[in-house]
Each structure stands twice: as C-alpha cells, then as structure tokens.
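Trainee: I would like to take a close look at a single helix and its surroundings. Could you go through it slowly, giving the cut-offs for the terms as they come up?

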Amino acid sequence: MKAVVIIPTYNERENVEEIIPITEGVFEQVKNYEMAILVADDNSPDGTAETVRKLADKYKNIEISSGE
C-alpha cells in the first residue's frame with residue numbers, strides 16, 4: 001500500500017527544511033506502506049520550491065507540485 005503526506009506551502013522555505021526530515025524520520029517507523037511526500041507549493045517567492053527540489057535529491061520519495 002502507498003500513503004502520501006501532502007504539505008501545502010507558501011513562503012515556507014525554512015519550515016520545509018525542518019518538517020521534511022522530521023516526516024522522513026516518522027516514515028522509518030511505518031511498516032507495510034510505501035510512504036511519500038507531495039509538496040503543493042503556491043509559487044512561493046522565497047525559494048520554497050528550490051529547497052524542496054534539493055531535499056528531493058536526498059529523499060527520493062518527494063514530489064513537488066507548483067505553478068512554475
């Protein structure tokens with residue numbers, strides 16, 4: 001089974017830098033599920049999308065949806 005955590009963002013660069021690693025740590029405790037994160041960014045001008053893309057290089061289960 002697959003579960004997806006959706007994180008809506010707008011100008012949340014600093015927060016996603018914290019919440020994504022915390023969420024990934026929780027995922028390690030979940031058994032029998034393929035866990036993923038979808039960040040729904042609303043064209044944040046603070047670089048949220050770029051930060052998420054960098055985190056996606058480390059955590060391969062992250063996707064971003066943005067208006068870019």
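How many residues does α1 have, and how far does α1 reach from its first C-alpha to its last?

Mentor: A word on the basis comes before the helix. This is a predicted model, in which local features need pLDDT of at least 70 and side-chain atom pairs count only at pLDDT 80 or more, while totals for chains, interfaces and linings use all residues. Residues are numbered from 1 along each chain as its sequence is written, and side-chain values use heavy atoms, with hydrogens and water left out.

Helix α1 has 15 residues and reaches 21 Å from its first C-alpha to its last, close to the 21 Å expected at 1.5 Å a residue (the expected span being 1.5 Å times one less than the number of residues). Helices (H or I, at least four residues) and strands (E, at least two) are DSSP runs, numbered from the N terminus.

Around its axis, α1 has two contrasting sides. Val-16, Ile-20, Thr-23, Glu-24 and Phe-27 are buried, and because these residues cover an arc of only 100 degrees around the axis, they lie on the same side of α1. The arc is that of the directions from the helix axis to the C-beta atoms, and buried means under 20% relative accessible area, exposed over 50%, partly exposed in between (1.4 Å probe, protein chains only). An α-helix has 3.6 residues a turn, so residues three or four places apart point the same way. On the other side of α1, Glu-14, Glu-18 and Ile-22 are exposed.

The cover over the buried residues of α1 includes β1, β2, α2 and β3 (62–66). Two of these strands frame the helix in sequence: β1, α1 (residues 13–27) and β2 make a right-handed β-α-β unit, where right-handed means that, with the strands pointing away from the viewer, the path from the first strand over the helix to the second runs clockwise. Strand β1 (residues 2–9) and strand β2 (residues 34–41) pair in the parallel sense over eight bridges (pairing requires at least two DSSP bridges), and Ala-3 in this arrangement stands opposite Met-35 in β2.

In the loop between β1 and α1 lies Asn-11, which has a positive phi of about 55 degrees although it is not a glycine and is partly exposed at 34% relative accessibility. Thr-9, in strand β1, is buried with a relative accessible area of 6%. Leaving out residues up to four places away in sequence, Thr-9 touches Val-16, Val-39, Ala-40, Asp-41, Asp-42, Ser-44 and Thr-48, contact being heavy atoms within 4.5 Å.

Helix α2, one of the elements covering α1, has the buried residues Thr-48, Ala-49, Thr-51, Val-52 and Leu-55. Seen down the axis of α2, these fall within an arc of 160 degrees, so they line one face of the helix. The face of α2 turned away from its buried side carries the exposed residues Lys-54 and Asp-57. The covering is mutual, since what covers the buried residues of α2 includes β1, α1, β2 and β3.

As a last reference point, Ser-66 is found in strand β3, and the C-alpha atoms of Ser-66 and Phe-27, 39 residues apart along the chain, are separated by 24 Å.
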